[in-house]
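Colleague: Could you walk me through this model? I have some questions about how its parts fit together.

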Amino acid sequence: MKIIGLKSAVVEGNFDWTFVRVETDEGIRGLGESFFAPGLTSILRSLETVIAGEDPRDIHRLFRKLQLAVSGAGSVAGIVYNAISGIEAALWDVLGQWLNVPIYRLLGGKFRDRIRVYADCHGSEALENLDEVLRSRAPSWMIQDSKHVTRDYFSPSDEAPSSPEAYRKRALAMRSMGFTALKFDLDVPGTQPSDPYCRCLTNREVDCMVQLIGAAREAVGFDVDLAVDCHWRYNVSDVLKVARELEPLRLLWLEDPVPPGNTDALRAVSSRSGIPVATGENLYLFEGFREILAEHALGIATPDLQKVGGLAVALQIAQFADGQSIAVAPHNIGSPIGTLAAAHFCAAIPNFLALEFHASDVPFWDDLVVGSDQPLIKDGFIRVPDRPGLGLRLNEEVARKYARKGEPFF
Ligand code: MG
C-alpha cells in the first residue's frame, strides 16, 4: 500500500478544527486532527512530499522520517508537531481499517469500554471562540452579534465580571447532562489583574476566584469532580495563595498554575499546594514530559493528542507516568474526530482519569460525523467503538458548510 495524498480541511468550531486525510492507492483513507496553529495547513502541504509514496502502515518509521524532515528547520518541538500529530493519527486509522480492527486494539487493547469525559465550562456562560492567535471571533454558526469586538485572550477585559450565579448555573446545567467532572477557568473577567504581564494577583482577585469556584462547588456538591484552569498566568507565590484558599473545596486539579518549561517553578507549586497540579497541554513529545514526570513536579499529566506528537508518543508518556504513579487526563479542544482518537488512547492506558470536552456550545458537533454513536458523548461518557480504525467518518457536507474561508478543503 502506498500513500498517494495528504490533504487538509479547516472547520470553524470553537477553535479551528484542522483535519488531515491520508489517501492511499488501495482506496483506504485515514482521518486525523491537528491542534490549530498559525500556518498549519502550509506545514501540512510541505509534509505531503515527505510521506508520498511511502507505506502508511510503517507508522513509527514515518513518524521518525517526518521528525528528521522538520529537524532541518530547527524544529525539535513546537507547532510542526501539531501537523505531525494529525498525520500520525490518520495513519493509525488507515492501519485499523486495513486490518479491520479498532485503533485501541492496535495500541494493545482496552482497559475500559467507556471513557469518562469532563466538561470544560470556560468562565461559566462565556462562549469561547478563538482564532489561531487567540483573538475572539464570531463564526458563521454563532448568532451574529453586530457589536462583536475582536479582543485578545491575554489582554485586560472590559467585559462584565463573571458572577458566582453564572458559575452555579453552568455547573448545574452540565451536571444535568450527566457529566461527573467539570472544569472552570480562574482567569476570567473580574479576576484578571489590570496588568496582564506581571503574573501577580491581589487579595481581591483571589477572593473573586474563591467566590466563583465556591458557587460551583456548592451547586453540585462533592460528588461531582471540579477542576480549575489558570492558563499559565501566575507566579508561584500568588497562585499558591489561590491554591490554599481553594483547598477546602477538594478540587480534582489546579491546571497550569505557572508558565510551562520551568520544572523548578512547577515543583514549587506542586509540593506546596494541597490541590494536585495538572499540566502538559503545551508540552511536546516524550522529552517534554520526561523531567517533570521523573521529578514528580506535577500530579496529573495532560498531554494533548493533537499536538504532543501522536498516539504512540502519548502512549510512551502515559506508560512512563504510570510507572511514576501519575494519572493522565488528556487535554482536548478537538472535534469529534480528534476526541474519538483520544478516546481510543484513553481506553488503552491504565492510568486514565478523564478526557476533556470543550465544545458543548458548538451546535453542529454531532452532525459533523457519521458512523459513530449519536450523540457521541452520552451521560458524560464516550463508548469506545469496535468499528475498524477510528470508527467514524467526517460528514463532508456539514464540514464544508462551516469550513474556514481561505483554507484548503481536501
Ligand atoms: Mg488548560
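**The metal site and its surroundings**

Modeller: Happy to, and please keep in mind that this is a predicted model. A good place to start is the magnesium ion, whose donors follow the spacing D-x25-E-x25-E along the chain.

Colleague: Which residues coordinate the magnesium ion, and at what distances?

Modeller: The pattern D-x25-E-x25-E calls for an Asp and two Glu. In the model these are Asp 229 through OD, and Glu 255 and Glu 281 through OE, at 2.0 to 2.2 Å.

Colleague: How many residues apart in sequence are the parts that Asp 229 and Glu 255 tie together?

Modeller: Asp 229 lies in strand 6 (residues 225-229), while Glu 255 lies in strand 7 (residues 253-255). The pair therefore ties together parts of the chain whose separation in sequence is 26 residues.

Colleague: Is Glu 255 buried or exposed?

Modeller: The cut-off for buried is under 20% relative accessible area. Asp 229 meets it with 2%. Glu 255 has 1% relative accessibility, so this residue is buried.

Colleague: Let's turn to the nonpolar core. Which helix gives the largest share of the largest nonpolar core?

Modeller: That core has 130 residues, and Leu 47, Leu 182 and Phe 345 have the most contacts inside it. Its largest share is ten residues, and they come from helix 3 (residues 80-99). The core also draws at least three residues from each of domain 1 (3-100) and domain 2 (114-391). The helix you asked for is helix 3.

Colleague: How many residues are in the second, separate core?

Modeller: Among its members are Ala 181, Ala 227, Leu 252 and Ala 329. Ala 227 is also one of the contacts of Leu 182, beyond neighbours within four places in sequence. The size of this second core is nine residues.

Colleague: Back to helix 3, where Asn 82 lies. Is Asn 82 buried or exposed?

Modeller: Leaving aside neighbours within four places in sequence, Asn 82 is in contact with residues including Ser 34, Phe 36, Leu 40, Tyr 284 and Lys 307. Its relative accessibility is 1%, and under 20% counts as buried. So Asn 82 is buried.

Colleague: One last pair: are helix 9 and helix 10 roughly parallel or roughly antiparallel?

Modeller: Residues including Phe 286, Phe 289 and Leu 293 in helix 9 meet a set in helix 10 that includes Val 313, Ile 317 and Phe 320. The axes of helix 9 (residues 285-294) and helix 10 (residues 311-323) come within 9 Å and cross at roughly 10 degrees. Angles under 35 degrees count as roughly parallel. So helix 9 and helix 10 are roughly parallel.

Note on methods. Residues numbered from 1 in each chain as written. Predicted model: local features only at pLDDT ≥ 70, side-chain atom pairs only at ≥ 80, totals over all residues. Heavy atoms only, no water. Core = buried A, V, L, I, M, F, W, Y, C linked by side-chain atoms within 4.5 Å. Buried < 20%, exposed > 50% of the residue type's maximum accessible area, 1.4 Å probe, protein only. Helix = DSSP H or I, 4+ residues; strand = E, 2+ residues; numbered from the N terminus. Domains from an automatic or database assignment. Contact = heavy atoms within 4.5 Å. Donors = N, O, S within 2.8 Å, 3.2 Å for Na, K, Ca; no water. Axes fitted to C-alpha atoms, helices over the stretch in contact; angles between N-to-C directions. Parallel < 35°, antiparallel > 145°, perpendicular 65-115°, else oblique.
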